[in-house]
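Open your viewer, get the selection box ready, and follow along one stop at a time. Each stop says what to select and what you will find there.

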Amino acid sequence: MKKILLFLLLFAWHSSLLLAQVGEYRNDFSVGVTGGYVMSSVNFTPTVPQASHTGMTGGVAFRYVCEKYFKTVASVYGEINYTQMGWKEDIRTKDNAPVINGVTGLAEEYSRTINYVQVPLMAHLAWGREHKGFNFFVNLGPQFGFFMSEKTEMNFNFDDRNTADRATTIAAQDTMAIEKKFDYGIVAGGGIEYSIPRVGHFLLEGRYYYGLGNLYGDSKRDFFGSSNFSTIMIKLSYLFDITKTKNKKH
């Protein structure tokens, strides 16, 4: 309930910010494409040791600039992305050495890739040049994710895993299909934008996503108390103008 309340408060604040109109009027609408690199992990309770799971993200982006308040340009920024997230286990002994499988003779490896259609909807605040040159910006808002598919990769048979040498015995997640098909959380980022008149806008951004929903049930009867995402993205986007405010200073 605390997570849901926090999410709703953020969404309400975000909506009120977007509806506010107290500065110079703007009516700029841009669309484009976006893509990037994703590093993710899952916050399991009890803990599952992990390395960073890597994947890709890509999709379409849109931005509506609604006003300029003093030197701050306020916009609504959203995307629809296909994104690869998941977790990669760091399977170690108590002495921090790789666990060797007794059948294959290889260090045991396990990862799960979970594919989502993600929809972030963010307040986009920028300072600098609007239509020619550089500005820097921050993004903040809610993000929704819709489960599409999952894929497991491991180099051992689950029944033959080396449980004797593992530092942790937590392995229930290895055979559990994703239970929660809807993901939601908070996304925040910052970056730089370079604009070229009659060409478009190029944005480079670092972004962090913290999931408020879990992959698995979190009741007292369930195995995991939490199983939410923590994700870092590096994104590059290109936007071109569809409409522009007339008779305004650049």
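In which loop is Arg-198 found? Select Arg-198 and you will land in the loop between strand 7 (182-196) and strand 8. Keep it in view for a moment: Arg-198 has a positive phi of about 65° although it is not a glycine. At 85% relative accessibility, it counts as exposed; here buried means under 20% relative accessible area, exposed means over 50%, and partly exposed lies in between, with a 1.4 Å probe and protein chains only.

Some ground rules before the next stop. This is a predicted model, in which local features need pLDDT of at least 70 and side-chain atom pairs count only at pLDDT 80 or more, while totals for chains, interfaces and linings use all residues. Residues are numbered from 1 along each chain as its sequence is written, and side-chain values use heavy atoms, with hydrogens and water left out.

**Stop 1: colour by confidence**

Colour the chain by pLDDT, the predictor's confidence in each residue, from 0 to 100. The protein chain averages 90, and 89% of the residues score at least 70. Confidence is lowest in helix 1 (residues 2-19), with a mean of 53, and highest in strand 8 (residues 200-211), at 97. Where pLDDT is low, the predicted coordinates should not be read in detail.

**Stop 2: the whole chain**

Switch to a cartoon view. You should find one helix and nine strands, in the order α-β-β-β-β-β-β-β-β-β along the sequence. These elements are DSSP runs, numbered from the N terminus: helices are H or I with at least four residues, strands are E with at least two. Of the 250 residues in the chain, 44% are buried. Among contacts (heavy atoms within 4.5 Å) with a separation of 6 or more, 76% are between residues 24 or more positions apart. Now show the surface: the accessible area is about 13000 Å², and 63% of that belongs to carbon and sulfur atoms. The area comes from the Shrake-Rupley method with a 1.4 Å probe.

**Stop 3: strand 4 and its partners**

Select residues 72-89. This is strand 4, where 13 of the 18 residues are buried. Which strands pair with it? Two strands pair if DSSP finds at least two bridges between them.

- Add residues 110-128: strand 5 runs antiparallel to strand 4, and 16 bridges join them. For an example, pick Gly-86, whose bridge partner in strand 5 is Thr-113.
- Add residues 53-69: strand 3 pairs with strand 4 in the antiparallel sense over twelve bridges. Here Arg-63 has Tyr-77 in strand 4 as its bridge partner.
- Add residues 50-51: strand 2 is also antiparallel to strand 4, over two bridges. Gln-50 stands opposite Glu-89.

Before leaving, zoom in on the hairpin of strand 3 and strand 4. Two residues lie between the strands, and Phe-70 takes a positive phi near 55°.

**Stop 4: the cavity**

How many cavities of 30 Å³ or more does a search of the whole structure find? The search finds one, with a volume of about 140 Å³. Select Arg-63, Val-65, Val-73, Glu-130 and Glu-193, which lie nearest its centre among the 17 lining residues. The elements that give two or more residues to this lining are strand 1 (24-45), strand 3, strand 4 and strand 5. Strand 5 gives the most, with four residues.

For the method: on a 1 Å grid over the protein atoms alone, a cavity is a set of points where a 1.4 Å probe fits but cannot get out, and lining residues have an atom within 4 Å of a point. Points are joined across faces, edges and corners, and the volume is the space filled by probe spheres set on them.

**Stop 5: two more loops**

Select Thr-45 and Pro-46. The peptide bond between them is cis, with omega near 10°, and Pro-46 sits in the loop between strand 1 and strand 2.

Next, move to the loop between strand 4 and strand 5, where you will find Asn-96. Asn-96 has a positive phi of about 65° although it is not a glycine, and it is exposed, with a relative accessible area of 54%. Ala-97 lies in the loop between strand 4 and strand 5 too, and is partly exposed at 31%. Leaving aside neighbours within four places in sequence, Ala-97 is in contact with Ile-91 and Arg-92. To finish, draw a distance from Ala-97 to Ala-107, ten residues along the chain: their C-alpha atoms are separated by 9.4 Å.

Notes:
1 Å grid on protein atoms, 1.4 Å probe; cavity = no way out; pocket = protein on both sides within 12 Å on 5 of 7 lines; lining within 4 Å.
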